[in-house]
Amino acid sequence: GADPGTGGAEPEQPVSLSTATAEQLDQLDGVGPETARKIIEYRSAHGGFRSIDELGDVPGIGPKRLETLSGQLQP
């Protein structure tokens, strides 16, 4: 069935977790400057993201936020 969490699909390309800058991450719905910094720190420590689900391992990102972000991101 259709995913109820997708609302209005945005025409922009998904942001790549592996290459996005803190500024790009900060633009995402559900991410602020602090979370963007944590994502970058996690990426640096772990050598990138192999999947969107890995974002759930970043401190402060729970299942609900991961669901919100997954449509805006690619690994």
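Let me begin with a term: a residue is called buried when its relative accessible area is under 20%, and exposed when that area is over 50%. What I am showing is a predicted model, and I will start with helix α2.

The buried residues of α2 are T35, A36, I39, Y42 and R43. Viewed down the axis of the helix, these buried residues fall within an arc of 125°, so they line one face of α2. That fits with a general point, namely that an α-helix has 3.6 residues a turn, so residues three or four places apart point the same way. On the other side of α2 we find P33, S44 and A45, which are exposed, while the cover over the buried residues includes α1, residues 22–27, and α3, residues 63–70.

As for the geometry, α2 runs over residues 33–46, and at 1.5 Å a residue its 14 residues should span 20 Å, which agrees with the 20 Å between its end C-alpha atoms. Just after the helix, G47 takes a positive phi of about 70°.

Now to the core. The largest nonpolar core has 17 residues, and L17, L25, I39, L55 and L73 are those with the most contacts inside it. Two or more residues come from each of α2 and α3, and α2 gives the most, with three. Leaving aside residues up to four places away in sequence, L55 touches L17, I39, F49, I61, L66, L69 and L73.

Finally, what about E54, in the loop between α2 and α3: is E54 buried or exposed? E54 is buried, because its relative accessible area is 10%, and, with the same sequence neighbours left out, E54 touches Y42, G48 and F49.

Methods:
Residues numbered from 1 in each chain as written. Predicted model: local features only at pLDDT ≥ 70, side-chain atom pairs only at ≥ 80, totals over all residues. Heavy atoms only, no water. Helix = DSSP H or I, 4+ residues; strand = E, 2+ residues; numbered from the N terminus. Expected span 1.5 Å × (residues − 1). Buried < 20%, exposed > 50% of the residue type's maximum accessible area, 1.4 Å probe, protein only. Arc of directions from axis to C-beta. Contact = heavy atoms within 4.5 Å. Core = buried A, V, L, I, M, F, W, Y, C linked by side-chain atoms within 4.5 Å.
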